[in-house]
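Student: I have the sequence and the model open. Can we go through the helix packing step by step?

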Amino acid sequence: MGAAVFFGCAGIAFGPALALVLLTVAAEPLRVIILVAGAFFWLVSLLLASLIWFISVHLSDQGNARLQYGLLVFGAAVSVLLQEAFRFAYFKLLKKADEGLATISEDGRSPISLKQMAYDSIGPGIVGIHGDSPYYFITSAFLTMAVVLLHTFWGVIFFDACERRRYWCLGLVVVSHLVTSGLTFLNPWYVASLVPIYIITFCMGIWAFFTAGGSFHNILKCLSCKQEDDSRVMMYSALQVPFED
């Protein structure tokens, strides 16, 4: 039973992200490099946030439960701000890399766009253990999946906003990140945290889809599963010289 819960929750939490990596990233070496670099930037931001929280806890009165809870909220806010700051730093780094790739390419264009770089620079989700509720593992799995997808959507929106200098979009990304992190403090009241987080995920997903160039026509085209190469095959066959008897 324990193994089934483990693999089930792992599949829920990381299955969508793993599928995205295998289908859209793993086959391209450049995308793999960008993915690993993005994860490194995310881990450095988390390390700095953890260090700030660790120092603040040890410099404060550890017997004061209310103060410690306030420091935990403070640490979460610092973590969000540092993640967004490192996301911006990573955008600047990829911008320079994009210019360099365009310089050495044969056609003068980069082999990968900034929007694709933003998609490939996703980071994982973070969960904590309280050990009280029997629904902890399954809700943590769904929460992790939402946060993984949110980081993907935030990356696409954030990079596009930096490129177009839409500062209000940057503000919405940071605010939604702060709100999402704040909602996790409502746990173990999971309905009050998961439902708003998934609403935010759905809205950010739609925004990121259209930001990346998606359209309703593309959705209908994908759902209809129409093959466009039939006409080309017919045209080619029509040009063939008929066999002589």
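Tutor: Start with a term. A helix here is a DSSP run of H or I with at least four residues, numbered from the N terminus. By that count, serine 176 lies in helix 6. Keep in mind that this is a predicted model.

Student: How many helices and how many strands does the secondary structure of the protein chain come to?

Tutor: Read the elements from the N terminus on. They run α-α-α-α-α-α-α-α-α. The total is 9 helices and 0 strands.

Student: What share of the 245 residues in the protein chain is buried?

Tutor: Buried means under 20% relative accessible area. Apply that cut-off to the 245 residues of the protein chain, and the buried share is 35%.

Student: Is serine 176 buried or exposed?

Tutor: Place the residue, then check its area. Serine 176 sits in helix 6. Its C-alpha atom is separated by 9.1 Å from that of tryptophan 154, which is 22 residues away along the chain. The relative accessible area of serine 176 is 8%, and the cut-off for buried is under 20%. So serine 176 is buried.

Student: Is arginine 165 buried or exposed?

Tutor: Arginine 165 lies in the loop between helix 5 and helix 6. Its relative accessible area is 62%, and exposed means over 50%. So arginine 165 is exposed.

Student: What phi does arginine 165 take, just after helix 5?

Tutor: The sign deserves attention. Arginine 165 is a residue other than glycine, yet its phi is positive. The value is about 60°.

Student: How many of the 29 residues of helix 5 are buried?

Tutor: Check the length of helix 5 before its burial. Its 29 residues should span 42 Å at 1.5 Å a residue, and the end C-alpha atoms are 41 Å apart, which agrees. Helix 5 is mostly covered. The buried count is 24 of 29.

Student: Why is helix 5 called roughly parallel to helix 7?

Tutor: Helix 5 covers residues 136–164 and helix 7 covers residues 190–211. Their axes come within 9 Å and cross at roughly 30°. Angles under 35 degrees count as roughly parallel, so that is the label for this pair: roughly parallel.

Student: How do the residues of the contact of helix 5 with helix 7 divide?

Tutor: In this pair, helix 5 passes helix 7 in a left-handed crossing. Sort the contact residues by type. They divide into 19 nonpolar, 4 polar and 1 charged.

Student: Which label fits helix 5 and helix 6, roughly parallel or roughly antiparallel?

Tutor: The axes of helix 5 and helix 6 come within 8 Å and cross at roughly 160°. Helix 5 passes helix 6 in a left-handed crossing. Angles over 145 degrees count as roughly antiparallel, so helix 5 and helix 6 are roughly antiparallel.

Student: And helix 6 with helix 7: roughly parallel or roughly antiparallel?

Tutor: Here the axes come within 9 Å and cross at roughly 155°. Helix 6 passes helix 7 in a left-handed crossing. The angle is over 145 degrees, so helix 6 and helix 7 are roughly antiparallel.

Student: Which element gives the largest share of the largest nonpolar core?

Tutor: This core has 29 residues, and Tyr90, Leu150, Phe158, Phe159, Ile197 and Met204 touch the most other members. Helix 2, helix 3, helix 5, helix 6 and helix 7 each give two or more residues. The largest share, 14 residues, comes from helix 5.

Student: How far apart are the end C-alpha atoms of helix 2?

Tutor: Helix 2 has 30 residues, 29–58. Its buried residues include Phe41, Trp42 and Val57. At 1.5 Å a residue, helix 2 should span 44 Å. The end-to-end distance agrees with that: 43 Å.

Note on methods
Residues are numbered from 1 along each chain as its sequence is written. This is a predicted model: local features need pLDDT of at least 70, side-chain atom pairs count only at pLDDT 80 or more; totals for chains, interfaces and linings use all residues. Side-chain values use heavy atoms; hydrogens and water are left out. Axes are lines fitted to C-alpha atoms, for helices over the stretch in contact, and angles run from 0 to 180 degrees between N-to-C directions. Angles under 35 degrees count as roughly parallel, over 145 as roughly antiparallel, 65 to 115 as roughly perpendicular and the rest as oblique. A crossing is left-handed if the near helix is turned anticlockwise from the far one by less than a right angle, and right-handed if clockwise. Ala, Val, Leu, Ile, Met, Phe, Trp, Tyr, Cys and Pro count as nonpolar, Asp, Glu, Lys and Arg as charged, and the others, Gly among them, as polar. The expected span of a helix is 1.5 Å times one less than its number of residues. Buried means under 20% relative accessible area, exposed over 50%, partly exposed in between (1.4 Å probe, protein chains only). A nonpolar core is a set of buried Ala, Val, Leu, Ile, Met, Phe, Trp, Tyr and Cys residues joined through side-chain atoms within 4.5 Å.
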